[in-house]
Amino acid sequence: MFAVIKTGGRQFRVVPNDVLEIGKITGDVGTIVQLGEVMVVGGDTPTLGAPFIAGASVAAEVLDHKRGPKVIAFKKRRRKNSKRKRGYRDEITVIRVTEILTDGKSPSVGPRPKKEKKVEAAPADGDAPAKKAPAKKAAAPKTAAKKAAPKA
């Protein structure tokens, strides 16, 4: 099953577990948000909206808020000694689509649990030998001093 959603003036074709970068939306990292502007729900019997499907939504988990790449707008008017350089970076929200909902249902899947970092146990004092610091390399021999020969 797939859906076509509209957010931030752009349209996206999504399926569950898709990861998208969309324009910034409200929602804390790790929460589930519902995107309500669904234009098409596909599958065995596709449903088209005019322009949107009533009661359909897409549930997505907010993964991150970040900024996009820098875009430079440079304008130069030749022979006029005039130029302008401006730049900006878009605000982006990274989301993962969890499910496609129809008939006004609410999301049943919650946010994924975060993976915990593995912490290795420190060895006891007598179990493992302590690691030695790496030995310093010997200094390279210096080149022989140039012999000063008197010039005639």
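**View 1. Lys66 and Glu21, a salt bridge between strands E7 and E3.** Lys66 counts as partly exposed, because its relative accessibility is 33% and the partly exposed class runs between 20% and 50%. Glu21, at 40% relative accessibility, is also partly exposed. In this predicted model, Lys66 and Glu21 form a salt bridge whose closest N and O atoms are 2.8 Å apart. Lys66 belongs to strand E7 and Glu21 to strand E3 (residues 19-23), so the pair ties together parts that are 45 residues apart in sequence.

**View 2. Arg96 and Glu61, a buried pair.** Which residue meets the side chain of Arg96 in a salt bridge? The partner is Glu61, with an N to O distance of 3.5 Å. The pair links distant parts of the chain, since Arg96 is in strand E8 and Glu61 is in strand E7, 35 residues apart. Are Arg96 and Glu61 buried or exposed? Both of these residues are buried. Glu61 appears again in the pairing of strands, as the bridge partner of Ile32.

**View 3. Arg67 and Glu91, a second link between E7 and E8.** The side chains of Arg67 and Glu91 meet in a salt bridge, at 3.5 Å from N to O. Arg67 is in strand E7 and Glu91 in strand E8, so this salt bridge ties together parts that are 24 residues apart in sequence. Arg67 has a relative accessible area of 45% and is partly exposed. Glu91 is partly exposed too, with a value of 39%. A search of the whole structure finds 3 salt bridges.

**View 4. The hairpin of E7 and E8.** How many bridges join E7 to strand E8? There are 18, and the two strands run antiparallel. One of the paired positions is Phe74, whose bridge partner in E8 is Lys85. Between the strands of this hairpin are 4 residues, and Arg79 takes a positive phi near 60°. Strand E8 covers residues 82-101.

**View 5. Strand E4 beside E7.** Strand E4 (residues 32-35) is joined to E7 by 4 bridges, and these strands run antiparallel. Ile32 has Glu61 of E7 as its bridge partner. In a regular strand, side chains alternate between the two faces of the sheet.

**View 6. Confidence along the chain.** The mean pLDDT of the chain is 85, and 84% of its residues reach 70 or more. Which element has the highest mean pLDDT? Strand E7 (residues 57-77) does, at 96, whereas strand E6 (residues 47-48) has the lowest among the elements, at 90.

Methods:
Residues numbered from 1 in each chain as written. Predicted model: local features only at pLDDT ≥ 70, side-chain atom pairs only at ≥ 80, totals over all residues. Heavy atoms only, no water. pLDDT = per-residue confidence, 0-100. Pairing = 2+ DSSP bridges. Salt bridge = Lys/Arg side-chain N within 4 Å of Asp/Glu carboxyl O. Buried < 20%, exposed > 50% of the residue type's maximum accessible area, 1.4 Å probe, protein only.
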